[in-house]
Protein chains: 2
Amino acid sequence: MKHVHYTEVPLEPVTMAGAQGVSVRWVISEADGAPNFAMRIFELEAGGSTPYHEHPWEHEVFILAGGGILTVEGQEEKLKPQDVVFVPPGVSHNFRAGDEGMTFICLVPHQK
Amino acid sequence: MKHVHYTEVPLEPVTMAGAQGVSVRWVISEADGAPNFAMRIFELEAGGSTPYHEHPWEHEVFILAGGGILTVEGQEEKLKPQDVVFVPPGVSHNFRAGDEGMTFICLVPHQK
């Protein structure tokens, strides 16, 4: 069992090419014994963005605070708190924060 | 791709034996094409509780609002907003809301 306030998990900068103003906390991961998928909480600075990319795994997302734009296959979607997003495998996407920044939960299956 | 405010997904009563004052929204599920795991958002009324039970799959949880008590193998943990909980497979647990009720995200792998 693991029980923490999410801010107890260290905030790490995301250094992946194309990421700008992005940090992450891996709040539940394989290191905790999670057998199938990981919970991460991302913090984007105002104007920060994740790379526009695709990969063969899905994202399951819940917006906690702030807002911004999700681009999926060139289409823009406005994000606000309490929005839920499912990004299927193989679909190009990126998250870009507005003026308030954006904090969201993003779950991914473990890479096998 | 799916993008909704979570309240756009219907709230359904949980009728499982032992559940009291519990409703759920399956915001991302197999019906949306999610290949591995589902995102549900539970709403517990004040004093509401989920069954005290165990099962061979994990829970990955994030508390959105309100608060209450998580009992895991007889031990009580006080839950507050922004807490993260990992309940491993095979561990007895239940969630019980306090006076304000409790809303939380709970992810589970698809049953195979």
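Two residues count as being in contact here if their C-beta atoms, placed from the backbone, lie within 7 Å. The model is predicted: local features need pLDDT of at least 70 and side-chain atom pairs pLDDT 80 or more, while totals for chains, interfaces and linings use all residues. Residues are numbered from 1 along each chain as its sequence is written, and chains are lettered from A in the order in which they are written.

**View 1. Where chains A and B meet.** The contact draws 32 residues from chain A and 32 residues from chain B. On chain A, strand 7 gives the largest share of the side touching chain B, with five residues (strands are DSSP runs of E, at least two residues, numbered from the N terminus). That side of chain A holds 21 nonpolar, five polar and six charged residues; Asp, Glu, Lys and Arg count as charged, Ala, Val, Leu, Ile, Met, Phe, Trp, Tyr, Cys and Pro as nonpolar, and the others, Gly among them, as polar.

**View 2. Strands pairing across the interface.** Here strand 7 of chain A runs antiparallel to strand 1 (residues 2–5) of chain B, joined over four bridges (pairing takes at least two DSSP bridges). Look for Val84(A), whose bridge partner in strand 1 of chain B is Val4(B).

**View 3. Two copies, one axis.** A turn of 180° with a shift of 0.0 Å along the axis lays chain A on chain B with an RMSD of 0.0 Å, after least-squares superposition on the C-alpha atoms of residues with pLDDT of at least 70 in both. The two copies are thus related as by a two-fold rotation axis.
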